[in-house]
Amino acid sequence: MPDDCNVGMGRQTRKQLAQKLRMLRVMRGWSQEKMAAASGLHRTYISMVERSACSVSIDTLEKIAEALGVTPADMLGAPNAKELGQQALRALAPAGRRKGR
């Protein structure tokens, strides 16, 4: 592991990933050890990610997401593209054609 494992990922993104990882892991009733085994990563690394102490690579993000049964975009809190598109269409529709008006 590099000396500075925070290179390349912003503080807010690390915090968001940390919160999502911990939430999904706990919801499944998994310990950090079980999460580590499921993802092929070390328990102390999982702990560092959950504390926002370390950035992750795209490859590692994919391992974590796959272990949890979600997508990397889900881990980063990225919006659902279909839902975002529908919201944009509703916002752009003329006022008379919007549902509920």
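**Entry 1: a starting point**

Where is the place of Tyr45? I looked it up in the predicted model and found Tyr45 in helix 3. I then asked whether Tyr45 is buried or exposed. Its relative accessibility is 11%, and the cut-off for a buried residue is under 20%, so Tyr45 counts as buried. I also looked up Tyr45 and Gln32: 13 residues separate them in sequence, and their C-alpha atoms lie 9.4 Å apart in space.

**Entry 2: the whole protein**

I turned next to the overall make-up. The protein has six helices and zero strands, and along the sequence I read the pattern α-α-α-α-α-α. Of its 101 residues, 31% are buried. I also checked the contacts with a separation of 6 or more: 60% of them join residues 24 or more positions apart.

**Entry 3: helix 3**

I returned to the helix that holds Tyr45. Helix 3 is mostly covered, with six of its eight residues buried. Which residues of helix 3 are buried? I listed Tyr45, Ile46, Ser47, Met48, Val49 and Glu50. Their cover includes helix 1, helix 2 and helix 4. Just after helix 3, I noted that Ser52 takes a positive phi of about 60°.

**Entry 4: helix 1**

I checked the length of helix 1 against expectation. At 1.5 Å a residue, its 17 residues should span 24 Å, and the end C-alpha atoms are indeed 24 Å apart, so the two values agree.

I then recorded which residues of helix 1 are buried: Arg14, Leu17, Ala18, Leu21, Leu24 and Arg25. These residues cover an arc of only 145° around the axis, and they therefore lie on the same side of helix 1. On the other side of helix 1, I found Gln12, Gln19, Val26 and Met27 exposed. What do the buried residues of helix 1 pack against? They pack against helix 2, helix 3, helix 4 and helix 5, the last of these at 72-75. Helix 1 is followed by Gly29, for which I noted a positive phi near 75°.

**Entry 5: helix 1 against helix 3**

I examined this pair of helices separately. Two packed helices are described by the angle between their axes and by the distance between the axes. For helix 1 and helix 3, the axes come within 7 Å and cross at roughly 120°. The perpendicular range runs from 65 to 115 degrees and the antiparallel range lies over 145, so helix 1 is oblique to helix 3. I listed the residues that meet: Leu17, Ala18, Leu21, Arg22 and Arg25 from helix 1, and Ile46, Val49 and Glu50 from helix 3.

**Entry 6: the nonpolar core**

Last, I looked up the largest nonpolar core, which has 19 residues. Which residues have the most contacts inside this core? They are Leu21, Met35, Ile64, Leu68 and Met75. At least two core residues come from each of helix 1 (11-27), helix 2 (32-39), helix 3 (43-50) and helix 4 (58-68). Helix 4 gives the largest share, five residues.

I followed Met35 further. Leaving aside residues up to four places away in sequence, Met35 touches Leu21, Arg25, Trp30, Ile46, Ile64, Ala67 and Leu68. Among the residues in that list, Leu21 and Arg25 are also buried residues of helix 1, and Ile46 is a buried residue of helix 3.

Definitions and conventions
Residues are numbered from 1 along each chain as its sequence is written. This is a predicted model: local features need pLDDT of at least 70, side-chain atom pairs count only at pLDDT 80 or more; totals for chains, interfaces and linings use all residues. Side-chain values use heavy atoms; hydrogens and water are left out. A nonpolar core is a set of buried Ala, Val, Leu, Ile, Met, Phe, Trp, Tyr and Cys residues joined through side-chain atoms within 4.5 Å. Buried means under 20% relative accessible area, exposed over 50%, partly exposed in between (1.4 Å probe, protein chains only). Helices (H or I, at least four residues) and strands (E, at least two) are DSSP runs, numbered from the N terminus. Contact means heavy atoms within 4.5 Å. The expected span of a helix is 1.5 Å times one less than its number of residues. The arc is that of the directions from the helix axis to the C-beta atoms. Axes are lines fitted to C-alpha atoms, for helices over the stretch in contact, and angles run from 0 to 180 degrees between N-to-C directions. Angles under 35 degrees count as roughly parallel, over 145 as roughly antiparallel, 65 to 115 as roughly perpendicular and the rest as oblique.
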